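Subject: The structure I promised you

Hi,

Here is the structure I said I would send over. Have a look at it first, then read on.

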Amino acid sequence: MRYSSFLLLLPFVAGCGHLLQARVGLEIPPNSNDRTVVEMPLDGKEKCDKGPKIALIDVDGILLNTNYTGPYSTGDNPIDLFKEKLDAARSPGITAVILRINSPGGSVTAAEVMWSELMRFKAETGKPVVACLMDQACGGAYYLATASDVIVAHPTTVVGGIGVILNLYNFQGTLNLAKVENLSIKAKDSPKIDLDYRIGVLNEDDKEMLIAMADELHDQFKKVVRTQRPRMKEEKDTCDGRVFLAKQAVQRGLVDSVGHLPDAVETARSLSKSPEAATVILHRSNDPARTAYATTPNVPLQ
């Protein structure tokens, strides 16, 4: 256990009115990414069965290619942790994988890398993968889900968000308040090296260039969905960025069925032809998981 200390100066009237120095301890849970990923038995069992097993991998939070650090974070990179769990699922005793997803999406690259790793895992191991969607599976999280063989969504899951957005902000007003003037110098032959959208200068040429990039990424997203979800109905508004509840997602072919986590487990058992397989969850050794709904707390204080 580590502690971080700081000095807090409080005005305190006592006698001569001296300042009181108070030392306050802030407890920060230790990072756990130095521990390996292991199989943790569920269903109230203390040890993993020696027979076939269904491995549950949880994917929670925003998908980014960066280490989450700070209080209440494990210090893990979501992509790195996902890959480590997939590697653990290569164990001969594991016959299928359940990908339990609860994420609003994330960066294009992070989602694509995770999708590629899952596709490679399936190709090399031949193990079936079932995606179980929880509260939400939007944007990059749905992109990842399409790499599964079957997608099961809870009745209240929000699904979709098949779109691309580039978040740009105009800080001109803030700079004016702070009396800050932009004096950046650019080479004559590199006018696009630093788009000036931050100071309110984004001409039509710049906009067209960025829109073209977003369109290309969106086309790639739609291509993957159409390839992985051949039963998807080609309705005009299915891939325009909007989201759907589970029942609507099934009707549009984005999801295979509406159900709960136990239904996903039974589907995985059926696909792997191991009806008696036990369920284990892949977590770090010091991150206990006693039920199939356990998550890795990897969202730092903001």
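Below is what I found in it, going from strands to salt bridges to nonpolar cores. One thing to keep in mind: this is a predicted model.

**Strand β6 and its partners**

Start with strand β6, residues 129–138. Is it buried or exposed? Of its 10 residues, 8 are buried, so β6 is largely enclosed by the rest of the structure.

Which strands does β6 pair with? One is β5 (residues 94–103), which runs parallel to β6 and shares 6 bridges with it. If you want a spot to zoom in on, find I98, which stands opposite V130 in β6. Between these two strands comes helix α2 (residues 108–125), and β5, α2 and β6 together make a right-handed β-α-β unit.

Another partner is β7 (residues 150–153), also parallel to β6, with 4 bridges. Here L133 faces A153 in β7. To get from β6 to β7 the chain passes through helix α3 (residues 140–145), and this β-α-β crossover is right-handed.

Then there is β8 (residues 158–160), which pairs with β6 in the parallel sense over 3 bridges. Look for Q136, whose bridge partner in β8 is V158.

**Strand β11**

Now jump along the chain to β11, residues 278–284. How many of its 7 residues are buried? The count is 7 of 7, so this strand is largely enclosed by the rest of the structure.

Two pairings are worth tracing here. β3 (residues 37–41) runs antiparallel to β11, and 5 bridges join them; P41 has V280 as its bridge partner in β11. β4 (residues 53–60) pairs with β11 in the parallel sense, over 4 bridges, and K53 stands opposite A278.

**Salt bridges**

Side chains of opposite charge can pair when their charged atoms come close. How many salt bridges does the structure hold? There are 19, and I picked out a few for you.

The side chains of E84 and R284 meet in one of them, at 3.0 Å from N to O. This pair links distant parts of the chain: E84 sits in helix α1 (residues 78–88) and R284 in strand β11, 200 residues apart. Their surroundings are worth checking too. E84 has a relative accessible area of 25%, which makes it partly exposed, whereas R284 is at 3% and counts as buried. The reason is the cut-off: buried means under 20%, and partly exposed lies between that and 50%.

Other pairs sit within one helix. In helix α5 (residues 204–228), E204 and K207 are 3 residues apart, about one turn of the helix. They form a salt bridge, with their closest N and O atoms 3.7 Å apart. E204 is exposed at 53% relative accessible area, while K207 is partly exposed at 35%.

You can see a similar arrangement in helix α7 (residues 261–271), where E266 and R269 are also 3 residues apart, about one turn. Their closest N and O atoms are 2.6 Å apart in the salt bridge. E266 is partly exposed, at 45%, but R269, at 15%, counts as buried. Elsewhere, D58, D60, K85 and R100 are joined into one network by salt bridges that share partners.

**Nonpolar cores**

Which residues touch the most other members of the largest nonpolar core? They are F82, L99, I101, L118 and L133, out of 45 residues in that core. L118 makes a good example to click on. Leaving out neighbours within four places in sequence, L118 is in contact with F82, L86, L99, V129, L144, A147 and S148. Apart from that core lies another one, of 20 residues, with I98, V150, I281 and A289 among them.

**One more residue to look at**

Finally, go back to helix α5 and find L217. L217 is partly exposed, with a relative accessible area of 33%. With neighbours within four places in sequence set aside, L217 is in contact with V108 and V164. You can also compare the position of L217 with that of I165: they are 52 residues apart in sequence, and their C-alpha atoms are 9.6 Å apart in space.

Have fun exploring!

Note on methods: Residues are numbered from 1 along each chain as its sequence is written. This is a predicted model: local features need pLDDT of at least 70, side-chain atom pairs count only at pLDDT 80 or more; totals for chains, interfaces and linings use all residues. Side-chain values use heavy atoms; hydrogens and water are left out. Buried means under 20% relative accessible area, exposed over 50%, partly exposed in between (1.4 Å probe, protein chains only). Two strands pair if DSSP finds at least two bridges between them. A crossover is right-handed if, with the strands pointing away from the viewer, the path from the first strand over the helix to the second runs clockwise. A salt bridge is a side-chain nitrogen of Lys or Arg within 4 Å of a carboxyl oxygen of Asp or Glu. A nonpolar core is a set of buried Ala, Val, Leu, Ile, Met, Phe, Trp, Tyr and Cys residues joined through side-chain atoms within 4.5 Å. Contact means heavy atoms within 4.5 Å.
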